[in-house]
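Me: I'd like a close look at a single helix in this protein, with its partners and the stretch just before it. Could you walk me through that part in one go, and then place it in the wider fold?

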Amino acid sequence: MKKNYYIICCAFISVLFLNSCKTTGKFEKKESAHYTFEKVKWNSVELKEDSSKIDNLKLAIESNLKWLNRKKEDSVFKYNDISFTTKDFICTINSFLIDISDKNRVSESILEKYFDIYKIEIKNEKPVLFTGYYIPYAEASEIKTSKYKVPVYKTPSDLITVNLEEFNPDYKGKVIRGRVHKNKLVPYWTRQEISEGNKLKNKDLEIAWVKNKTDLFFIEIQGSALLSYADGSKKYIHYASQNGREYKPIGALLLNEGILKKKRRFYAGNPCMAKSKSKRSTKSFKLQ
């Protein structure tokens, strides 16, 4: 861990690109005033293979393929001058999955067969921002109990999604969501109307029950979660839809109310802080 941190602090990060199937715009090295982007050999990277984690890797690849298969085949992934389509990405990932499944291991030769690796080296002292994503964990129950009483809903059947581009090309990429009321499309229920007004209650929409609104709030913000049940089983849930209301960042609200200091905005909505400030943060959970 320490060694990896040192490498990152020395300001270079390795980036993978497709080698198998079809990729456009490959190059060996590119220089700019601020960084060097250079293709390197796989043997220049230290690989710490752990055969016990191979099943986790295959599960992650299969999950990634499910997401890719929902995208248009001709949609393009692009970084710098390198690009490839979803179709070619799926082609490579499928072949990679078959190979590591047959051999039950990941080796330098397998990686080299399917991927190119590039090193980005920063030339100046300017700080580099690394961003990340996490999946929240939450204890859950399949039925409502005195301990688990906050519902996690699936997409309700009365939620209507309208792609405005289908009506007017000037609205390309614009989508609105709502519900039908007296033959009119009206805005869908707000978060407060759903959580406190029980607008979705008794409609058989509950897929799980969690302990508190804080857990549910961060599940909804992240768009996915790993639910842990009392019998030891786990269930992965992910984003399905939204109520169409404007997103209001909880971090900005907490800053404005003085609950959070700007210097601490590494993750403005961390669950620990939300729980410790529960009385003052009630308003946060009423965001649309």
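Reply: Let's start just ahead of the helix, with V76. Is V76 buried or exposed? With a relative accessibility of 54%, V76 is exposed, because the cut-off for that label is over 50%. Bear in mind throughout that this is a predicted model. V76 sits in strand β4, which covers residues 76–79. Beyond the neighbours within four places in sequence, V76 is in contact with S83, F84 and T85. There's also a distance to note towards K87: the two residues are eleven apart in sequence, and their C-alpha atoms are 9.1 Å apart.

Now to the helix itself, α3, which runs over residues 86–103. From the first C-alpha to the last, its 18 residues reach 26 Å, close to the 26 Å you'd expect at 1.5 Å a residue. The buried residues in α3 are T86, D88, F89, I90, T92, I93, F96, L97, D99 and I100. Just past the end of the helix comes N104, with a positive phi of about 55°.

T86 deserves a stop of its own. It belongs to α3, and its relative accessibility is 0%, so T86 counts as buried. What does T86 touch, once neighbours within four places in sequence are set aside? The contacts are L68, K71, K72, E73, S75 and F77. Of these, L68 is a residue of α2 that takes part in the meeting with α3.

That brings us to the partner helix, α2, residues 54–68. The axes of α2 and α3 come within 10 Å of each other and cross at roughly 155°. Angles over 145 degrees count as roughly antiparallel, so that is how α2 and α3 run relative to each other. The crossing is left-handed. On the α2 side, the residues that meet α3 are I54, L57, K58, I61, E62, N64, L65 and L68. On the α3 side, they are T86, F89, I90, I93, N94, F96, L97, I100 and S101. Set that beside the burial list and you'll find F89, I90 and I93 among the buried residues of α3, and those three also meet α2.

For a second helix to hold next to α3, try α6, residues 213–222. It's mostly covered, with seven of its ten residues buried: T214, D215, L216, F217, F218, I219 and Q222. N212 caps the N-terminal end of α6, placing a side-chain oxygen 3.1 Å from the backbone nitrogen of T214. At the other end, α6 is followed by G223, which has a positive phi near 85°.

One strand residue is worth a glance too: T36, in β3 (residues 35–40). T36 has a relative accessible area of 10%; the limit for buried is under 20%, so T36 is buried. Leaving out neighbours within four places in sequence, T36 is in contact with K29, K30 and E31, and also with K119, I120, E121 and K123.

Stepping back to the whole protein, there are eight helices and 14 strands. Of its 288 residues, 32% count as buried. Taking contacts between residues at least 6 apart in sequence, 65% join residues at least 24 apart.

Key
Residues are numbered from 1 along each chain as its sequence is written. This is a predicted model: local features need pLDDT of at least 70, side-chain atom pairs count only at pLDDT 80 or more; totals for chains, interfaces and linings use all residues. Side-chain values use heavy atoms; hydrogens and water are left out. Buried means under 20% relative accessible area, exposed over 50%, partly exposed in between (1.4 Å probe, protein chains only). Helices (H or I, at least four residues) and strands (E, at least two) are DSSP runs, numbered from the N terminus. A polar contact is a pair of N or O atoms within 3.5 Å; within protein, one must be able to donate a hydrogen and the other to accept it, and residues adjacent in sequence count only if both atoms are side-chain atoms. Contact means heavy atoms within 4.5 Å. The expected span of a helix is 1.5 Å times one less than its number of residues. Axes are lines fitted to C-alpha atoms, for helices over the stretch in contact, and angles run from 0 to 180 degrees between N-to-C directions. Angles under 35 degrees count as roughly parallel, over 145 as roughly antiparallel, 65 to 115 as roughly perpendicular and the rest as oblique. A crossing is left-handed if the near helix is turned anticlockwise from the far one by less than a right angle, and right-handed if clockwise.
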